[in-house]
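Q: Please take a close look at one part of this model. Start with one residue in a loop, then work outward to what surrounds that part.

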Amino acid sequence: MTDSALAHEHAHPGVKAYVLVAVILFTLTALEVLAFEIVDRGSPAGLAAVLAPVVVAVLLVLSAAKFALVAMFYMHLKQDSTLFSGLFVFPIFVAAILIAALLAMFSYMLSLF
Amino acid sequence: MSHDTAHALHPPTTTGLDNRKLAIWTFIGSEVMFFSALIGTYLVYKGKSVVGPFPHEEWTSPTGEHFEHIFEIPLVTFGTAVLLFSSFFVVLALAGAQRGNRKMLIGWLSATVVAGLFFVGMQVYEFSHFMDKGLGYTTNLFGSTFYTLTGFHGAHVTVGLIWLGTLLILSLRGKIPPEKALNLELAALYWHFVDVVWIVIFPVVYLMK
């Protein structure tokens with residue numbers, strides 16, 4: 001690998017990229033709260049009726065997008081070694097399985113009573 | 001590539017990575033499991049409280065005592081935005097440290113600490129307000145799981161504040177030159193981690209009914 005290629009691999013994003021990510025994070029947070037408020041107030045009625053059945057999925061997608069943006073750009077996983085990404089992402093997969101298993105197990109146990 | 005350049009870019013370790021950075025990522029990986037247990041427990045008991053007060057609904061006890069809903073979404077939204085901005089501030093402080101720009105380092109690191117202090121203050125106010133509304137730690141399942149999850153997160157923010165505050169004092173004394181920027185990068189990684197945990201907690205706890 002050449003010097004410049006190696007240096008590029010390790011280079012962190014610039015200030016412009018950080019500002020852009022901050023704006024996107026702020027916008028996604030505003031969208032999360034907006035989705036919640038529309039469903040909570042039931043207004044506008046048409047939009048609330050459409051959003052209500054999918055609001056949890058919408059919130060999870062927006063949250064995952066924010067999580068990924070911070071991890072990739074602010075935590076520099078996009079530029080750093082893939083070993084660091086592995087150390088972070090593997091426990092997230094295990095955690096997701098753990099939470100799904102816990103929910104399934106408790107749901108089953110409660111159905112017995 | 002010269003030997004010196006290669007040495008500067010890759011520390012002389014078996015992985016070619018800095019051991020301190022590897023250690024903080026391993027620690028963060030273990031913290032993912034810690035918070036997943038707390039978030040999983042909160043979700044398992046979500047909506048299972050048999051007595052109020054409740055997060056989103058009003059409640060009247062059998063003795064006729066009336067309880068308001070607990071959550072104040074505008075306040076928490078503002079706290080969430082401040083914590084997100086603190087992550088932005090700390091990457092700018094790190095950029096300043098790496099470029100040897102002391103003014104940029106101190107300015108943005110100070111902003112990060114102020115934002116972190118605001119978030120912890122918001123949480124202390126929120127907890128005392130919830131106590132006033134009748135939600136104690138053992139009042140119901142919601143109280144126990146809510147205080148445990150958000151309390152542990154707040155404790156992590158406090159640890160991050162102590163770490164960043166220490167680095168701010170060191171930077172004011174001129175003890176964080178560019179070659180020691182990794183010291184700030186490690187603290188910044190921890191700080192971003194507490195931020196991403198809140199990115200999950202905010203919708204799961206506050207916005208999902």
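A: A:His76 sits in the loop between H4 and H5 of chain A. Helices here are DSSP runs of H or I with at least four residues, strands are runs of E with at least two, and both are numbered from the N terminus. The model is predicted: local features need pLDDT of at least 70, side-chain atom pairs count only at pLDDT 80 or more, and totals for chains, interfaces and linings use all residues. Residues are numbered from 1 along each chain as its sequence is written, while chains are lettered from A and ligands numbered from 1 in the order in which they are written.

The backbone of A:His76 stands out. Its phi is near 65 degrees, a positive value in a residue other than glycine. A:His76 comes just after H4(A). A:His76 is also buried, because 21 other C-beta atoms lie within 10 Å. The cut-offs are these: buried is 20 or more other C-beta atoms within 10 Å of the residue's own, exposed is 12 or fewer, and partly exposed is in between, with C-beta atoms placed from the backbone.

Now the helix before it. H4(A) covers residues 55-74, which is 20 residues. At 1.5 Å a residue it should span 28 Å, and its end C-alpha atoms are 28 Å apart, so the two agree. The expected span is 1.5 Å times one less than the number of residues. Many positions of H4(A) are buried, among them A:Val55, A:Leu59, A:Leu62, A:Lys66, A:Leu69 and A:Phe73. An α-helix has 3.6 residues a turn, so residues three or four places apart point the same way.

What covers them? The cover includes H2 (15-41), H3 (45-51) and H5 (82-111) of chain A, together with H3 (73-99) and H6 (181-207) of chain B. Contact means C-beta atoms, placed from the backbone, within 7 Å.

That leads to the chain contact. It takes 36 residues from chain A and 36 residues from chain B. On the side of chain A, H1 (3-10), H2, H4 and H5 each supply at least two residues. H5(A) gives the largest share, 13 residues. The side of chain A divides into 28 nonpolar, five polar and three charged residues. Nonpolar means Ala, Val, Leu, Ile, Met, Phe, Trp, Tyr, Cys and Pro; charged means Asp, Glu, Lys and Arg; the others, Gly among them, are polar.

H4(A) also feeds the core. The largest nonpolar core has 72 residues, and B:Ala93 and B:Leu184 have the most contacts inside it. Such a core is a set of buried Ala, Val, Leu, Ile, Met, Phe, Trp, Tyr and Cys residues joined through C-beta atoms within 7 Å. H2, H4 and H5 of chain A each supply at least two of its residues, as do H2, H3, H4 (102-132), H5 (141-172) and H6 of chain B. H6(B) gives the most, 17 residues. Domain 1 (3-80) and domain 2 (81-113) of chain A both give residues to this core, so it lies between them. Those bounds come from an automatic or database domain assignment. The C-alpha centres of the two domains lie 22 Å apart.

Within the core, B:Leu184 is in contact with B:Ala93, B:Leu94, B:Ala97, B:Leu167 and B:Ile176, leaving aside neighbours within four places in sequence.

Technical notes:
Contact = placed C-beta atoms within 7 Å.
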